[in-house]
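Could you walk me through this structure and tell me how each label is earned? I'm new to it, so plain questions and plain answers, please.

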Amino acid sequence: MGYALSTIVYKPFDQTLAATREALAAQGFGVLTEIDLAATLRKKLEVEIPPQVILGACNPPSAYAALQAEESIGVLLPCNVVVRSVDEASTVVEAIDPQTMHELTGNEAMAPVAERIGGMLQGALDSLTS
């Protein structure tokens, strides 16, 4: 099983990052954290990588349902969504596949939660290319 949902968006990084935030909001996700990985590595290690931002996305009802099914699931929350530049005209958007939560825990009560969250994340990704 793969661990990520992914799409390529044929738009520049900044436009795709903004569109990803909007797509997540349209699916009921809030962005709790944002890590500018390129800026962090530049500052801490003095290295350069293409633009890449990690968005920590959360849908509170789904997070609550996941916690009810598996009390330690917080180690896998929020759902990371990565927006990274490939070149000037294309950007990859990837999200953790919530089925990973079900697979890692082996808890069948996580299955419907993972399926629901996965559908929402996939909906956000699909909207970026339509």
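## How the labels are earned

Q: What makes the side chains of β1 alternate?
A: Leu5, Thr7 and Val9 point to one face and are buried. Ala4, Ser6 and Ile8 point to the other face and are not buried. "Buried" means under 20% relative accessible area, "exposed" means over 50%, and "partly exposed" is in between, with a 1.4 Å probe and protein chains only. As for "β1", helices (H or I, at least four residues) and strands (E, at least two) are DSSP runs, numbered from the N terminus.

Q: What kind of model is this, and which residues count for what?
A: It's a predicted model: local features need pLDDT of at least 70, side-chain atom pairs count only at pLDDT 80 or more, and totals for chains, interfaces and linings use all residues. Residues are numbered from 1 along each chain as its sequence is written, and side-chain values use heavy atoms, with hydrogens and water left out.

Q: How do you know that β1 and β5 pair?
A: Two strands pair if DSSP finds at least two bridges between them. β1 and β5 are joined by 6 bridges, so they pair, and they run antiparallel. Thr7 stands opposite Val93 in β5, and Ala4 has Ile96 of β5 as its bridge partner.

Q: What about β4 and β5: how many bridges are there, and in which sense do they pair?
A: They pair over 6 bridges in the antiparallel sense. One bridge partner is Thr91 in β5, which goes with Ser85. A hairpin through 2 residues joins β4 to β5.

Q: Why is β5 called mostly covered?
A: Of its 7 residues, 5 are buried.

Q: What makes something a nonpolar core, and how many residues has the largest one?
A: A nonpolar core is a set of buried Ala, Val, Leu, Ile, Met, Phe, Trp, Tyr and Cys residues joined through side-chain atoms within 4.5 Å. The largest has 26 residues, and those with the most contacts inside it are Leu24, Phe29, Leu55, Val81, Val93 and Leu121. β1 (4–9), α1 (13–26), β3 (52–58), β4 (79–87), β5 (90–96) and α5 (111–128) each supply at least two residues of this core. The largest share, 7 residues, comes from α5.

Q: What is Leu121 in contact with?
A: Contact means heavy atoms within 4.5 Å. Leaving aside neighbours within four places in sequence, Leu121 is in contact with Leu5, Leu24, Phe29, Cys79, Val81, Ala95, Ile96 and Pro98.

Q: Why does Phe13 count as buried?
A: Phe13 has 10% relative accessibility, which is under 20%, so it counts as buried. Phe13 lies in helix α1. Beyond neighbours within four places in sequence, its contacts are Pro51, Gln52, Val53, Val83, Arg84, Ser85 and Thr91.

Q: Why is Glu46 called exposed?
A: Its relative accessible area is 71%, which is over 50%, so Glu46 is exposed. Glu46 sits in the loop between α2 (37–45) and β3. Its phi is near 55 degrees, a positive value in a residue other than glycine.

Q: What makes an empty space a cavity, and what lines the largest one?
A: On a 1 Å grid over the protein atoms alone, a cavity is a set of points where a 1.4 Å probe fits but cannot get out, and lining residues have an atom within 4 Å of a point. The search of the whole structure finds 1 cavity of 30 Å³ or more. The largest cavity has a volume of about 60 Å³, where grid points are joined across faces, edges and corners, and a volume is the space filled by probe spheres set on the points. Its lining is Phe29, Ala57, Cys58, Asn59, Ser62, Ala63, Leu77, Pro78, Cys79 and Ile117.

Q: Why does Asn59 count as buried?
A: At 11% relative accessibility, Asn59 is under 20%, so it counts as buried. Asn59 is in the loop between β3 and α3.

Q: What kind of peptide bond joins Leu77 and Pro78?
A: A cis one, with omega about -5 degrees. Pro78 is in the loop between α3 and β4.

Methods:
On a 1 Å grid over the protein atoms alone, a cavity is a set of points where a 1.4 Å probe fits but cannot get out, and a pocket is an open set with protein on both sides within 12 Å along at least five of seven lines; lining residues have an atom within 4 Å of a point.
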